[in-house]
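Notebook open, coffee poured. I want to look for enclosed space first, then backbone oddities, then whatever turns up along the way.

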Amino acid sequence: VNQWRSKPGKNYSTSFMQENEKKFFAELQSLRQEPENRDCADCHARGCTMWASVNLGIFLCMTCGSHHRSLGTHISLPKGCTGTYLWGPDELENMKRMGKKRAKEVYGSTVPNGLTNSDAIRWKQYLTHKYVHRKYAASLTSDHPASSLMLKKEQPELIH
């Protein structure tokens, strides 16, 4: 039997994915159109969420999606939202469970003054501080898989 594997690693039959492709894509687009998911979770660019991080449950602009691709799959599992890729039920469920509103609570949304996503080296460091070290989170919670990653390590400052 042909299998399709989601980014988090769950297998589905290829026929199931093909039969439900339009339904799942419509669900993804509906999630992207929710007010809190229209803007990039990282740089806050308005109305341009073309990418998502499936494991983090956030929608991203094209630039931030590209930065997430460079973080490594142990931190972020980025995926396009425009119809190039199939989306599995587990991926959609994670996007529903988190979303930008909840991600703000879990990871924070502060961007250091003067930092933009066009500064690739410093932005990647910012994303690592945000999602691995949880430096910008209001409080540490243990209800998300990423919360156990290096929370207690010292958090270095951004390079200036």
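**Cavity lining.** I sorted the lining of the largest cavity by residue type and got five nonpolar, one polar and three charged. This is a predicted model, so I keep in mind that totals for linings use all residues. The names on my list are Ala41, Ile58, Lys100, Ala103, Lys104, Tyr107, Gly108, Lys130 and Tyr131. Gly is counted as polar under the scheme I used, and Gly108 is on the list. The charged class takes in Lys, and the list holds Lys100, Lys104 and Lys130.

**How much space?** Rolling a probe the size of a water molecule over the atoms shows where empty space is left. I searched the whole structure and one cavity of 30 Å³ or more came back. The largest cavity holds about 40 Å³ of space.

**Who builds the wall?** Which helices each supply at least two residues of the lining? I found helix 4 (99–107) and helix 5 (120–131). Helix 4 gives the most, with four residues.

**Helix 4, inside face.** I went on to helix 4, since it had come up already. Its buried residues are Gly99, Lys100, Ala103, Val106 and Tyr107. Looking down the helix axis, I see these buried residues fall within an arc of 120 degrees, so they line one face of the helix. The textbook reason fits here: an α-helix has 3.6 residues a turn, so residues three or four places apart point the same way. What do the buried residues of helix 4 pack against? I noted strand 4 (58–60), helix 3 (89–97) and helix 5. Lys100, Ala103 and Tyr107 are buried residues of helix 4, and these three also appear in the cavity lining.

**Helix 4, other bits.** I picked Arg102, which lies in helix 4. Arg102 has a relative accessible area of 25%, so I log it as partly exposed. Arg102 and Ile58 sit 44 residues apart in sequence, and their C-alpha atoms are 9.2 Å apart in space. Just after helix 4, Gly108 takes a positive phi of about 85 degrees.

**Positive phi elsewhere.** Most residues other than glycine have a negative phi, and most peptide bonds are trans. I therefore jotted down two exceptions to the phi part of that rule. His44 has a positive phi of about 70 degrees and is not a glycine. I located His44 in the loop between helix 1 (14–33) and strand 3 (51–53). Arg134 is another non-glycine with a positive phi, near 55 degrees, and it lies in the segment after helix 5. Are these two buried or exposed? His44 is partly exposed at 28% relative accessible area, whereas Arg134 is buried at 2%. The cut-off for buried is under 20%, so Arg134 at 2% makes it and His44 at 28% does not.

**Whole chain, last look.** I counted five helices and five strands. Along the sequence the order reads β-β-α-β-β-α-β-α-α-α. Of the 160 residues, 46% count as buried. I also checked contacts with a separation of 6 or more: 54% of them come from residues 24 or more positions apart. For the surface I got about 8,600 Å² accessible, with 52% of that belonging to carbon and sulfur atoms.

Methods
Residues are numbered from 1 along each chain as its sequence is written. This is a predicted model: local features need pLDDT of at least 70, side-chain atom pairs count only at pLDDT 80 or more; totals for chains, interfaces and linings use all residues. Side-chain values use heavy atoms; hydrogens and water are left out. On a 1 Å grid over the protein atoms alone, a cavity is a set of points where a 1.4 Å probe fits but cannot get out, and a pocket is an open set with protein on both sides within 12 Å along at least five of seven lines; lining residues have an atom within 4 Å of a point. Grid points are joined across faces, edges and corners, and a volume is the space filled by probe spheres set on the points. Buried means under 20% relative accessible area, exposed over 50%, partly exposed in between (1.4 Å probe, protein chains only). Contact means heavy atoms within 4.5 Å. Accessible areas come from the Shrake-Rupley method with a 1.4 Å probe; for residues, only the protein chains shown count as cover. The arc is that of the directions from the helix axis to the C-beta atoms.
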